[in-house]
Amino acid sequence: MTNIIRYDIIWPNILKVGNINMKWTEEDKERLNEFINELLYEKMDIEDYEKVMNRLGCDCKGNRYRTICHNIEGGKYNLGFNKDNRYFTCYSECGCGYSLLGLVKKVLELRGESKGTINALRYICDIVGIECN
């Protein structure tokens, strides 16, 4: 998949996020939500989800992945994935539900790699070949 999504057009203030404490307007939040929904539910297919999970080091058996939501390594296959609604559910320790974005954000934070929604979005876009300007 090679799509170009221009951050500077979709949410003009977000590229300027060198300042983590920037104030988000309601319009910025709405644009961000639209972008996330477009990316996760329209542009990406199930194979793209699998690419992201593989890059996170998470293998799959059937519709269950290893529980990377609370294990950095070696979790059991208790992270269910519903392909219809594209939602992950942990059937183990944390019992939480995650969108792909929420799961990537959680895993990156667990690993101490990066924090925040924007970094998780960039991580996903890099893997699936969506250019983020």
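The accessible surface of the chain comes to about 7,500 Å². Carbon and sulfur atoms hold 44% of that surface. The model is predicted. The chain has 133 residues, and buried residues make up 35% of them. Among contacts with a separation of 6 or more, 51% link residues 24 or more positions apart.

The secondary structure consists of 5 helices and 7 strands. Along the sequence, these elements follow the pattern β-α-α-α-β-β-β-β-β-α-α-β.

Five of the strands form an open sheet. Their order in the sheet is 2-3-4-5-6, and the pairing is antiparallel. Strand 2 (60-61) and strand 6 (97-98) stand at the edges. Each has a single partner strand, so one side of each is left without a neighbour in the sheet.

The pairings can be followed strand by strand. Strand 3 (residues 64-65) pairs with strand 4 over 2 bridges, in the antiparallel sense. Here Arg64 stands opposite Gly80 of strand 4. Strand 4 is then joined to strand 5 by 4 bridges, and the two run antiparallel. Within this pair, Leu79 has Cys90 of strand 5 as its bridge partner. Asn82 stands opposite Tyr87, also in strand 5. Strand 4 and strand 5 form a hairpin, with 4 residues between them. In its turn, Arg86 has a positive phi of about 55 degrees.

Strand 5 also pairs with strand 6, again in the antiparallel sense, over 2 bridges. Phe88 has Tyr98 of strand 6 as its bridge partner. These two strands form a hairpin as well, with 6 residues between them. Gly95 lies in that turn and has a positive phi of about 65 degrees.

The two faces of strand 5 can be told apart. Phe88 and Cys90 make up the covered face. Tyr87 and Thr89 make up the uncovered one. In a regular strand the side chains alternate between the two faces of the sheet. Helix 3 (46-55) lies across strand 3, strand 4 and strand 5. The helix runs at about 160 degrees to strand 4.

The largest nonpolar core has 34 residues. Met53, Phe88 and Leu100 touch the most other members. Several elements each supply at least two residues of this core. Among them are helix 2 (26-43), helix 3, helix 4 (100-111) and helix 5 (117-128). Strand 4 (79-82) and strand 5 (87-90) also contribute at this level. Helix 5 gives the most, with 8 residues.

Met53 illustrates how distant parts of the sequence meet. Leaving aside residues up to four places away in sequence, Met53 touches Cys58, Tyr65, Ile68, Leu79, Phe88, Leu100 and Leu103. Two of these partners, Phe88 and Leu100, are themselves named with Met53 as the residues that touch the most other core members. Phe88 thus appears in three settings: on the covered face of strand 5, opposite its bridge partner Tyr98 in strand 6, and in the largest nonpolar core.

Note on methods. Residues are numbered from 1 along each chain as its sequence is written. This is a predicted model: local features need pLDDT of at least 70, side-chain atom pairs count only at pLDDT 80 or more; totals for chains, interfaces and linings use all residues. Side-chain values use heavy atoms; hydrogens and water are left out. A nonpolar core is a set of buried Ala, Val, Leu, Ile, Met, Phe, Trp, Tyr and Cys residues joined through side-chain atoms within 4.5 Å. Buried means under 20% relative accessible area, exposed over 50%, partly exposed in between (1.4 Å probe, protein chains only). Contact means heavy atoms within 4.5 Å. Accessible areas come from the Shrake-Rupley method with a 1.4 Å probe; for residues, only the protein chains shown count as cover. Two strands pair if DSSP finds at least two bridges between them. Axes are lines fitted to C-alpha atoms, for helices over the stretch in contact, and angles run from 0 to 180 degrees between N-to-C directions.
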